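Thanks for coming, everyone. Let me put the model on the screen, and then we will walk through it.

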Amino acid sequence: MKPRVPVRDIPPERKALYYAGMAAGAIGLLLFVSNFFVIASGFDDPFAMRDRSGGIVARAFGGIVLMWIGGGMMNVAARGLAGSGLKLDPEQARRDLEPWSRMGGGVVADALDEIPAARRFVDDPSDRAVEVVRIRCPQCRALNEESDQFCGQCGGRL
Ligand SMILES: [Zn+2]
């Protein structure tokens, strides 16, 4: 078991990517919405409208693509490369998803409950410190369970 680096927060580079994605999405939305104003302004001038139609298609398409890319960037930033499935690395996915699961208030953990294999990424029992109390036999120095009354090695009273 590798020592686990606790992830308290989403790394700054992922936060930057998230906001960049948000900005790209916002620009895409503005680009897309701007068409309605172009179309509205063209109603009184059908000839000018015809000249603009190419620009409208480019704007609508560019807007949709920008929104799509922006959404993708936000998704990757929030879940991490491995967490969003772009990179197949279960160990990293767990670390990437950790701040995200915390943000979701356990919603992700609840959903993963359905899949036993995936559950291990969220709640790995090996991560928890297991405290085992053992008793050393005063006669032979063998280690015994806390609940034992007699030594398993020599049979002496503990
Ligand atoms: Zn003993």
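Which residue does the side chain of Glu 145 meet in a salt bridge? Arg 134 is the partner, and the N to O distance is 2.8 Å. Keep in mind that this is a predicted model. So every number I quote is computed from a prediction.

Stay with that pair for a moment. The structure holds 1 salt bridge, and you have just seen it. Glu 145 sits in strand β2 and Arg 134 in strand β1. They are 11 residues apart, and the pair links distant parts of the chain. Buried or exposed? Glu 145 has 36% relative accessibility, so it counts as partly exposed. Arg 134 is also partly exposed, with a relative accessible area of 44%. As background, side chains of opposite charge can pair when their charged atoms come close.

Next, the metal site. Which residues coordinate the zinc ion? Cys 137, Cys 140, Cys 151 and Cys 154, each through SG. The distances run from 2.2 to 2.3 Å. What is the geometry of the 4 donor atoms? They subtend angles of 103 to 113 degrees around the zinc ion, so the arrangement is tetrahedral. The cut-off for that label is that all angles lie between 85 and 135 degrees. Along the chain, the donors follow the spacing C-x2-C-x10-C-x2-C.

Now place two of those donors. Cys 137 lies in the loop between β1, residues 134–136, and β2, residues 143–145. Cys 154 lies in the segment after β2. The two are 17 residues apart in sequence, so the pair ties together separate parts of the chain. Their surroundings are worth a look. Cys 137 is buried, at a relative accessible area of 0%. Cys 154 is partly exposed, at 41%.

Let me move to helix α1, which covers residues 12–42. Ala 20 lies in this helix. Its relative accessibility is 34%, so Ala 20 counts as partly exposed. How far is Ala 20 from Met 74 in space? The answer is 8.0 Å, C-alpha to C-alpha, with their positions 54 residues apart in sequence.

Aromatics come next. How many aromatic pairs does a search of the whole structure find? It finds 2. One joins Tyr 18 and Tyr 19: the ring centres are 5.8 Å apart and the planes are at 85 degrees, so the pair is edge-to-face. Tyr 18 is partly exposed at 29% relative accessibility, whereas Tyr 19 is exposed at 52%.

Phe 32 and Phe 36 form an aromatic pair too, and it is edge-to-face. Here the centres are 6.3 Å apart, with 80 degrees between the planes. Why about one helical turn between them? Because Phe 32 and Phe 36 are 4 residues apart in helix α1. Phe 32 counts as partly exposed, at 28%. Phe 36 is exposed, at 52%.

Phe 36 brings us to the last item. Which residues make the nonpolar surface patch of about 410 Å²? Leu 29, Val 33, Phe 36 and Phe 37. Phe 37 is placed in helix α1 as well. Its relative accessible area is 60%, so Phe 37 is exposed.

To recap, keep three things in view. The zinc ion has its 4 donor atoms in a tetrahedral arrangement. Glu 145 and Arg 134 meet in a salt bridge. And Phe 36 takes part both in an aromatic pair and in the nonpolar patch.

Note on methods
Residues are numbered from 1 along each chain as its sequence is written. This is a predicted model: local features need pLDDT of at least 70, side-chain atom pairs count only at pLDDT 80 or more; totals for chains, interfaces and linings use all residues. Side-chain values use heavy atoms; hydrogens and water are left out. Donors are N, O and S atoms within 2.8 Å of the metal (3.2 Å for Na, K and Ca); water is not among the atoms, so sites may look incomplete. Four donors count as tetrahedral if all angles lie between 85 and 135 degrees; four count as square planar and six as octahedral if opposite donors are over 155 degrees apart and all others between 65 and 115; anything else is irregular. Buried means under 20% relative accessible area, exposed over 50%, partly exposed in between (1.4 Å probe, protein chains only). Patches are made of residues with over 30% relative accessible area and no salt bridge: like charges are joined within 9 Å, nonpolar side chains (Val, Leu, Ile, Met, Phe, Trp, Tyr) within 5 Å. Accessible areas come from the Shrake-Rupley method with a 1.4 Å probe; for residues, only the protein chains shown count as cover. A salt bridge is a side-chain nitrogen of Lys or Arg within 4 Å of a carboxyl oxygen of Asp or Glu. Rings of Phe, Tyr and Trp (its six-membered ring) pair if their centres lie within 6.5 Å; planes under 30 degrees apart count as stacked, over 60 as edge-to-face and the rest as tilted.
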